[in-house]
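Hi everyone, thanks for making time. I'd like to walk you through a structure that's new to most of you, so let's get it up on the screen.

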Amino acid sequence: MNAPFDQSLSEIEKQYEFARLQYLTWDRTPADIDGPQQRALKAVLERRSGAQFAKTAYVAQEARVFTERLVMGEDTWIAGHALLRGDVVLGDNTTVNPYVCISGRVHCGSGVRIASHASLVGFNHGFDDPDMPIYKQKHERLGIDIGDDVWIGANAVIVDGVRIGSGAVIAAGAVVTRNVPDKAIVAGVPAKVVRKRGQRNAIQTSTYGRAEIAFAKLGKSAADQWSEILENNFENGAFISPESDGIKRPSIRHLCDAIEIASAFGAAPHCIDTQEAISRLLAVQDEQTGLFPDPFRPRPDASAMRHDGLALYNVLAVGYALECLNAAPRYRIEAIETLSTAELCAWLDALPWVSQAWSAGATVDAIGTALYFNARYFDSGTHLETMLGWLHTHCNPNTGLWGAPSQHGDYLQPVNGFYRLSRGTYAQFGLPLPYPKAAIDTVLAHYDRHDGFKGPTHTACNLLDVVHPLWLARKQTAYRHSDIAKVAENIILKAAPTWETGKGFAFASKQPASLQGTEMWLSILYLCADILGFADGATFEPKGVHRLPPALAMQ
């Protein structure tokens with residue numbers, strides 16, 4: 001008489017046990033991991049989803065895995081009803097709870113905990129072209145990188161291009177749009193650093209508390225005054241401001257600097273209509289070559305434009321200003337794209353690496369940026385791979401740089417050229433430097449040789465050309481971290497107090513404040529704050545030329 005009841009009870013017990021492992025996946029046993037159902041599921045995922053499993057990895061039956069690649073370390077599990085697609089790497093002891101969504105390129109270290117309903121989106125829809133439906137625009141995939149020992153709370157969202165440092169905690173419901181430093185606790189929308197783990201008050205207990213206070217004070221002043229600064233440099237319907245030599249003259253760069261300053265604060269210049277600004281910038285581009293000769297200077301012939309410094313620099317200035325306004329160059333940059341491989345290599349060979357490494361690096365910066373715009377908005381061949389190969393084989397392994405010092409042993413030209421070169425190539429495409437430790441040694445020695453730059457040498461160029469290479473190399477290695485941090489601290493403490501109320505920063509000491517100086521020094525100080533771990537609390541974030549995330553990461 002009890003048989004039907006017993007049979008029904010047995011079936012319910014099986015269903016309960018099945019459901020338990022979907023939601024309480026940590027209850028799995030060695031028998032579950034090595035059971036026939038798990039072995040069969042892993043075989044399918046290896047064949048259909050590019051999966052690689054450590055021996056003790058476990059995937060719940062109700063998980064949905066449609067990856068192009070999946071790597072799972074030891075004692076790592078994916079719970080039921082989680083969705084994974086794209087290129088996903090999960091280190092040892094990493095857990096993905098029910099209803100987590102992981103898309104695009106997401107690489108996790110070991111000891112990572114991802115709570116239910118969190119969403120990690122390591123790709124993005126293109127949307128910059130307002131004339132094309134979003135669904136037709138190219139996807140971008142910069143990827144998300146997560147260090148070791150990270151806890152991601154329930155309903156948190158992490159967007160493409162973000163790096164989460166080791167030991168970080170992402171609060172429930174946080175929307176992470178910026179990199180998170182090691183051991184930082186972030187919360188809010190957008191997420192900001194609340195404090196560091198083990199610290200009750202970040203500013204009071206920070207090793208670099210004085211620098212953090214100075215940076216926070218500067219950020220508040222800049223947030224309150226940036227619009228006034230733009231208005232003070234706006235005359236007769238155009239932006240005009242002193243340039244790096246202190247002389248005030250018209251240039252398209254002033255409009256670009258104004259756009260990037262406003263964009264750093266999440267806005268557009270109030271002085272000029274956005275569509276009018278876009279029209280002015282688009283009018284600069286030469287249709288035949290795709291380059292950007294300055295409209296306030298004598299126009300070079302098309303055949304000579306590739307060797308005109310301003311036409312090359314404005315690839316960066318104008319191109320990125322357009323992007324800040326959600327626009328893009330009108331034409332492909334043919335002056336770069338139509339070169340043969342031999343012609344490109346010959347151009348690189350002929351650059352003045354020995355006598356003027358800064359100029360050589362600036363040219364590489366423009367070439368790399370042109371290839372970025374071509375790849376993103378038009379089409380591009382293999383020139384980027386060619387140039388990167390050339391750079392790798394010509395980098396000095398002893399210095400980590402390109403070019404030679406002066407006969408007096410001064411590395412000013414190679415260091416300054418290294419910033420320009422690496423900005424437009426390795427940083428722009430999210431690629432590792434060839435010799436990061438050697439580069440760190442050389443740049444630090446250069447900084448020390450000039451005693452941190454004082455008086456007339458305390459310029460935005462000289463300090464940007466130090467801090468950006470250190471920031472970039474530091475992404476690959478912890479080598480000499482304390483020395484790098486000390487440089488960043490010194491720069492903030494020395495530069496932040498030079499802010500002039502309602503005027504901004506001067507490019508160099510004893511010069512008038514300018515748009516160029518303001519844009520560059522804000523970027524320098526943000527890089528320093530990022531090195532020291534408190535940039536996420538900033539009121540601004542550099543955009544355009546001095547943006548921190550890669551413009552287009554290479555897969």
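One bit of vocabulary before we start: a residue is buried if its relative accessible area is under 20%, exposed if that's over 50%, and partly exposed in between. Also, please keep in mind that this is a predicted model.

Okay, cysteines. How many disulfides does a search of the whole structure find? Zero. Take Cys-108. The closest cysteine sulfur to its own belongs to Cys-101, and that's 13 Å away, so it's too far for a bond. Cys-108 is also buried, at 6% relative accessible area. Then there's Cys-345, which isn't in a disulfide either: its nearest cysteine sulfur, in Cys-395, is 16 Å off. Is Cys-345 buried or partly exposed? With a relative accessible area of 22%, Cys-345 counts as partly exposed, because buried would need a value under 20%.

Now to the inside. The largest nonpolar core has 119 residues, and the ones touching the most other members are Phe-215, Leu-281, Ile-491, Ile-492 and Ile-524. Which helix gives the most to this core? That's α17, residues 515–532, which puts in 12 residues. Let's zoom in on Ile-492. Skipping its neighbours within four places in sequence, Ile-492 is in contact with Ala-211, Ala-214 and Phe-215, among others. Its contacts also include Leu-525, Cys-528, Ala-529 and Leu-532, and Pro-497 and Phe-534 are on that list too. Apart from this core there's another one, with 40 residues, including Ala-63, Met-72, Val-150 and Ala-174.

On to empty space. There are three cavities of 30 Å³ or more, and the largest holds about 80 Å³. What lines the largest cavity? It's 13 residues, with Arg-423, Ala-427, Gln-428, Arg-547 and Pro-549 nearest the centre. Two helices, α13 (412–427) and α15 (460–474), are the elements that give two or more residues to that lining. By class, the lining has eight nonpolar, three polar and two charged residues.

Last stop, Thr-95. You'll find it in strand β6, residues 95–96, and at 3% relative accessibility it's buried. Leaving out neighbours within four places in sequence, Thr-95 is in contact with Trp-77, Val-112, Arg-113 and Ile-114. As for Val-186, 91 residues from Thr-95 along the chain, the two C-alpha atoms are 20 Å apart.

That's my tour. Over to you!

Conventions:
Residues are numbered from 1 along each chain as its sequence is written. This is a predicted model: local features need pLDDT of at least 70, side-chain atom pairs count only at pLDDT 80 or more; totals for chains, interfaces and linings use all residues. Side-chain values use heavy atoms; hydrogens and water are left out. On a 1 Å grid over the protein atoms alone, a cavity is a set of points where a 1.4 Å probe fits but cannot get out, and a pocket is an open set with protein on both sides within 12 Å along at least five of seven lines; lining residues have an atom within 4 Å of a point. Grid points are joined across faces, edges and corners, and a volume is the space filled by probe spheres set on the points. Helices (H or I, at least four residues) and strands (E, at least two) are DSSP runs, numbered from the N terminus. Ala, Val, Leu, Ile, Met, Phe, Trp, Tyr, Cys and Pro count as nonpolar, Asp, Glu, Lys and Arg as charged, and the others, Gly among them, as polar. A disulfide is a pair of cysteine sulfur atoms within 2.5 Å. Buried means under 20% relative accessible area, exposed over 50%, partly exposed in between (1.4 Å probe, protein chains only). A nonpolar core is a set of buried Ala, Val, Leu, Ile, Met, Phe, Trp, Tyr and Cys residues joined through side-chain atoms within 4.5 Å. Contact means heavy atoms within 4.5 Å.
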